[in-house]
Amino acid sequence: MRMSSDSGIFWKWGKAIYRYRKWVVALWIILFASLVLFAQKAPELFTDNGFTPKGSRSDKGMIELQDKLGYPAANLSIVYVSEQSKLTDPEAQERILASLNELRELPYVADIKPLAAPRLDAEGGENVMAIGVTFHLTTDEALVRYPEVKKLIRAPDGMQVYVTGGTAIMYDMQQASKKDIVKSEIIGLPIALIVLLIIFGTVVGAMLPLIVGVTSVTVTLGITYFIAKEVSLSNFLPNMVTMLGLAVGIDYALFLVSRFREELKKRSDVEEAVAMTAQTAGQSIFFSGVAVLIGLFGMLFIDLSIFRALCLGGVIVVTVSVAVGNTLLLALLGIFGHSINKWRVIPKRFVKTGGSRLWEKIAYAVMKRPIALVLVTSAALIWLMLPLGGMKLGVPGADVLPPSYESRYGSDLIDKGYDSRELSPIQIAVQTELEVWEEGSIAAIDAYTAKLKQLPGVRDVRSFQSVLGNLPADQTAALVKQESVRTQLEEQRLAKGRHAVIAVIPERGPRTEETEELLRDIRGLDAGPLQTLETGETAYRIDILDRITGGLPYVVGFVMVVTYFVLLAAFRSVLLPLKAVLMNVLSLGASLGIVVTVFQHGFLADLLQITSTGYVTNTLPVIIFCVVFGISMDYEVFLLSRIAEEYEQTGDNEQSTAAGLKLTGSLITSAAFILVVVVGAFIFTDIEIIKALGLGLSLAVLIDATIIRILVVPALMKLLGRANWWAPSWLKR
């Protein structure tokens, strides 16, 4: 990476930006102004949670039940609680149903009735009553109608009411997403501004990185608004965009502004300073951005829409951040010139503008004992990774929200009061060769049902034959010849045409390993002439996990291999990129281990305002790996870039390492602190997935900017000596 050359592509780019600096700023102002209103509206369009494994057996099975038997795509559960009376009494139920008369009159409401699942013998169980509501609407349509529905749900005297179920949970997640963005900005941006003021000492220098971060986020959300008009996107996308945009946007701007101020001290000509800033820091953030993009593209190897949506949002916001840094910010630097040091709020004597000798001393101290430090730090990081061995993955539901949200609290009440095995059975969509009413079809379903009952872990098996008393096939066939009987079964959504549903009630709950094993046994069962598709909560969870575990090796391999070759091209060294990748794996593994300890085992959960669920959301390891791998690589790239720049001039490995740490130590520490503050603010938001991502990214950056950069990098640079800079002759050309 010949960064000190004054004739490179980035040098010429900086010259061009300076020449047209006013036009560049004007174009960005127009773009920002045209997208800001759409950016504010964007979160309302993100209505997909992204966890549906499209095209899987569970997804096809549910679609078949909806299309052929009329299963509703959207539903609600309304939970009533009373401390004064038993809600199981007929009188109480009548009052509850009467309070829903206005809701029942809505043209898109299909059915309103009490949940049919048996109650658990829990204390206070009789004081809870849940009513199921189904709609003639798609999930997106129900989400739009939800505020209207919610207004018509009122608690009778002496009761409290909580609305939960798929539509309510999705609506609350959408509201939480918007609330989280505001909360994170209120927490993170003021602290970031204070740190920037301390670093630069001037208002102009401190405001420029914030301008880059806010511009990147706003432009990206504005772009995704138009994409979401055509494509369903995950409701986690705006949080991801805000987190990444502020993090990388502010960090990239920090390095550019710092380098510009440094260049102004070397040369008085502003145009030359802008050009050299582009050639050095501009080139660094370009390669850093590429490293982040590689990690984000890795998510595409797993076929789930949440990964595609987060990849899309992440790729756009990182690309925009690099573009804003290398265009708008360079143009602003050219316009402000030496005025960037005006409007000083901290006396100049308290602001260090050069490298600190403290970092140089630390580097030489580390290089005196490289072997011991590498062994000790590596052992410590590996120890932090150990919880990964016991990591339990789960699919989030309402528990992705804190209990303060109505849909989460209502869901918890249902879990405590009703039998989850009955509420969430394994459902099997069955297609017969002839109509289900034919004796041959009934006999085939009976034979299949008998096999299901023989499987370990099965508590009960139910179908339309169960409703008719499990009569022999010929008697059932005779009975269903009556139109009234067929109509009743069709209205109960049990059978119609050539389609029927079988419900397998497991011995254990839907989220247990035993029920997962039962589902796999069912999928391996010979159904004879029947075509079967298994669906339901357990089936969805297994299909999601199978896609994640199946794609994970490709994700890891792609990200690590492509990152290595990009850094190989950047540094013209074989070992430096390999070392950077391996060190990143250590810091990432350690941060993931801590995330497991916090979210699965509940360590420090109260302090961090986290509700421990006993598992880690199954998408989290992939998201954290893909996002954090690129982000935490930033500081490695910036440090090694400066070391390489010094090595070009001196040819001395140890001196270059110490000089690189000296010149970047304070800056990288400040940048890491800002990123930890901005991203760490998301730990105190509401959505568990975003909290975990904020924690994982903050920890990885903290570990990378301290243990890895201060201790491991100088130690390995010393151990490898001149081998750090070896590369085949063809690569150096």
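Two strands count as paired when DSSP finds at least two bridges between them. The exercises below apply this to a predicted model.

**Exercise 1. Determine the strand order and pairing of the four-stranded sheet, and find the residue that stands opposite Lys 113.**

Step 1. The sheet is open, with its four strands arranged in the order S2-S3-S1-S4 and paired in antiparallel fashion; in general, the strands of a sheet pair through backbone hydrogen bonds, either parallel or antiparallel.

Step 2. The edges are formed by strand S2 (109-114) and strand S4 (160-164), each of which pairs on one side only, and the average turn between neighbouring strands, with direction ignored, is 20°.

Step 3. Between S2 and strand S3 (residues 128-135), which run antiparallel, there are five bridges, a number that satisfies the requirement of at least two. Gly 132 in S3 is the residue that stands opposite Lys 113.

Step 4. Helix H4 (residues 90-98) packs on this sheet, where it touches strand S1 (75-81), S2 and S3, and the direction of H4 makes about 35° with that of S3.

**Exercise 2. Describe how helix H13 packs against helix H25, giving the geometry and then the residues in contact.**

Step 1. Two packed helices are described by the angle between their axes and the distance between the axes. For H13 (residues 370-385) and H25 (residues 688-720), the axes come within 9 Å and cross at roughly 145°, and the crossing is left-handed.

Step 2. On the H13 side the contact involves Pro 370, Ile 371, Val 374, Thr 377 and Leu 381, while the residues they meet in H25 include Ile 703, Leu 711, Ala 715 and Lys 718. Sorted by class, this contact contains twelve nonpolar residues, one polar and one charged.

**Exercise 3. Locate Asn 470 and Arg 493, and state the sign of phi for each.**

Step 1. As a reference, most residues other than glycine have a negative phi.

Step 2. Asn 470, although not a glycine, has a positive phi of about 55°, and it is placed in the loop between helix H17 (464-467) and helix H18 (473-479).

Step 3. Arg 493 likewise has a positive phi, of about 60°, and lies in the loop between helix H19 (483-491) and strand S8 (495-496).

**Exercise 4. Characterise the stretch that UniProt annotates as "domain: SSD".**

Step 1. The UniProt record, an unreviewed entry, places this feature at residues 206-335.

Step 2. Over residues 206-335 the chain is 86% helix and 0% strand, with the end C-alpha atoms 16 Å apart.

Key. Residues numbered from 1 in each chain as written. Predicted model: local features only at pLDDT ≥ 70, side-chain atom pairs only at ≥ 80, totals over all residues. Heavy atoms only, no water. Axes fitted to C-alpha atoms, helices over the stretch in contact; angles between N-to-C directions. Helix = DSSP H or I, 4+ residues; strand = E, 2+ residues; numbered from the N terminus. Left-handed = near helix turned anticlockwise from the far one by under 90°. Contact = heavy atoms within 4.5 Å. Nonpolar A, V, L, I, M, F, W, Y, C, P; charged D, E, K, R; others polar. UniProt positions renumbered as here; feature names shortened; annotations may be inferred.
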